[in-house]
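This report describes the fold, the core and selected local features of the structure shown below.

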Amino acid sequence: MQPQYFFSAFGHLSEGQRLRETVDLCEATVDTARDEQFKALCLENLGEYAFFSVGDAELARENCKAAIDMMDADIGVLYSNPMPDRRTLMEDMYIKLCEMMAQLAVSFDEYFEYMEKIKKFRNLTPLQSGQVELVESLKAEGRDWAYNIQGLADRYISSGGFGASAALHYLLIANRRQLRLPRGHLEAALVNYSKSVRDNVTKCMSVCNEKRIPCNPYNYLFLVDKAIGTVESCIGDVQNKEPVDAELEALRDLKEKLEEIDRKSAERGYNYTGPGYKSLADMRRWIEENDADAPEKPVTKDYNKAGGYFSLIILLLGGGLLAYLTHTQAITWNWLRIALVVIAGIVLLANVINGFKNSK
C-alpha cells in the first residue's frame, strides 16, 4: 500500500473509533510494506494506537519494540530519505517510541534502558530529565516498580485516558508474579482494568452515535473478550471476590449488548465498511488487490447512487421539456430562467434528502 493511502485510511478509521479495523489496517500494511522506513512508521502508528486508543499493552509493546529494534539494527532506516525534515521526523518518532516503551516498562531496568536510548540522538528535555529523576528517587526509596505503574495508570484515569489506563493495569495483572503484586493490589488492578475497558468501549460507541457512524461490534468485542478472559483467570487469586465478580458481570453484559447489535445488523444485511474489513484476512486481501490504486478512504458500496440517478432523470426530463416549449414559443425566455431555477432547486433538494438518508 502506498503511504498516502495508508495514512488517509488510518485517519478515517481511527477518527471513527473503529479500533479493530484500524489495528487490522496497520498489521496488514506492516506485513506488506516494501520500504523499511515506511514499515517503521506503520509499526510506530500501531504501537501508539494500541497503547493510547485500544488499551492493549501487549500489542503496544510488541510493535514499539519491533520498530526500535529495526532502527537499532540498521540506522539507515532513519536516514534513508535525504530530506532533512524527514530525518527529523524519524528521529522524533524514535524518541517517541522510547518514551512509550519506558511507560510500558515492567521494571526499573527496562525503563532506564529506553530513556537512555533517547540520548543517542538528543539530550533529554527538562521534562524527560525530571521524570528520570523522579523514577530514580522512587527506586532509592525502595518503592517497587508496580507503584510507578499504578501511579501512571491513575493519572490516565483522571484525565479520561481509558485506553492507556487499561493497558497499564493489564501490565500489572500480566506481570503480577514478577512484580510481586499483593492480592489487594491485584484486586484493584482487575477492577480498574475492567472498568477502563468498559469506559473505553462505551466512549467509542458514544462517538459513533454523535458522528452518526454505525457501531460495528467487531471493533470492540475483541477487547471485551480479552478482559473477560483475563479477569476469569485471576479471580481465584483475590481474597475479596465481590467487586471483581461485579466487574465480570458488567463485562458480560457489555458483550451481550455488542452481540445483540451485531445480530440486528446481520438481520438487516448492513454493510459496515464497503471494502469488507471484517477480518484481518479481508484487510490483507483488499490491500493486495488495491496496492497501486487504493481509494483514499474506505467507502460504502453504492453510496449515493439513488440520488445520482434521480438527479439525472430530473435534468433530462426538465431539459427536454424546456427545449420543446422554447422551440414552440410556448414560454418566454423570462419564464425559461424561472423554470431552470426551479429544476435546480428540485435537484439540490433530492440530493440533500438522499444524503440525509445515507447518513443514518
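A contact is defined as a pair of heavy atoms within 4.5 Å. Among contacts in the protein with a separation of 6 or more, residues 24 or more positions apart account for 68%. The model is a predicted one, in which local features need pLDDT of at least 70, side-chain atom pairs count only at pLDDT 80 or more, and totals for chains, interfaces and linings use all residues. Residues are numbered from 1 along each chain as its sequence is written, and side-chain values use heavy atoms, with hydrogens and water left out.

**Overall composition and confidence**

The secondary structure comprises 16 helices and zero strands; these elements are DSSP runs numbered from the N terminus, helices being H or I runs of at least four residues and strands E runs of at least two. Of the 360 residues, 44% are buried, where buried means under 20% relative accessible area, exposed over 50%, and partly exposed in between (1.4 Å probe, protein chains only). The protein exposes about 18,900 Å², of which carbon and sulfur atoms supply 55%; the areas come from the Shrake-Rupley method with a 1.4 Å probe, and for residues only the protein chains shown count as cover.

The predictor's confidence in each residue, pLDDT, runs from 0 to 100. Its average over the protein is 82, and 72% of the residues score at least 70. Over residues 273-278 pLDDT stays under 50, and the model has 21 contacts beyond four places in sequence for them. Residues 356-360 also stay under 50, with five such contacts. Where pLDDT is low, the predicted coordinates should not be read in detail.

**The nonpolar core**

A nonpolar core is a set of buried Ala, Val, Leu, Ile, Met, Phe, Trp, Tyr and Cys residues joined through side-chain atoms within 4.5 Å. The largest one has 91 residues, among which L168, V201 and Y220 touch the most other members. Beyond its neighbours within four places in sequence, L168 is in contact with F51, Q103, L104, I149, L152, A153 and Y156.

**Helices α1 and α2 and their connection**

Helix α2 contains 14 residues and spans 20 Å from first to last C-alpha, close to the 20 Å expected at 1.5 Å a residue; the expected span is 1.5 Å times one less than the number of residues. Twelve of the 14 residues of α2 are buried, including the charged residues R20, E21, D24 and E27. C26 also belongs to α2 and touches F6, F10 and L46, apart from residues up to four places away in sequence.

F7 is located in α1. Leaving aside residues within four places in sequence, its contacts are F38, L41 and N45. C-alpha distances for the two residues are tabulated below.

| Residue | Accessibility | Partner | Sequence separation | C-alpha distance |
|---|---|---|---|---|
| C26 | 0%, buried | A9 | 17 residues | 9.8 Å |
| F7 | 35%, partly exposed | N45 | 38 residues | 9.5 Å |

R18 lies in the loop between α1 (3-15) and α2 (19-32). With 11% relative accessibility, R18 counts as buried. Its side chain makes a polar contact with that of E21 at 3.2 Å; such a contact is a pair of N or O atoms within 3.5 Å in which, within protein, one must be able to donate a hydrogen and the other to accept it, residues adjacent in sequence counting only if both atoms are side-chain atoms.

**Positive phi values**

Q17, in the loop between α1 and α2, has a positive phi of about 60° although it is not a glycine. R180, likewise not a glycine, has a positive phi of about 55°. R180 is placed in the loop between α10 (162-174) and α11 (183-210) and is exposed at 72% relative accessible area.
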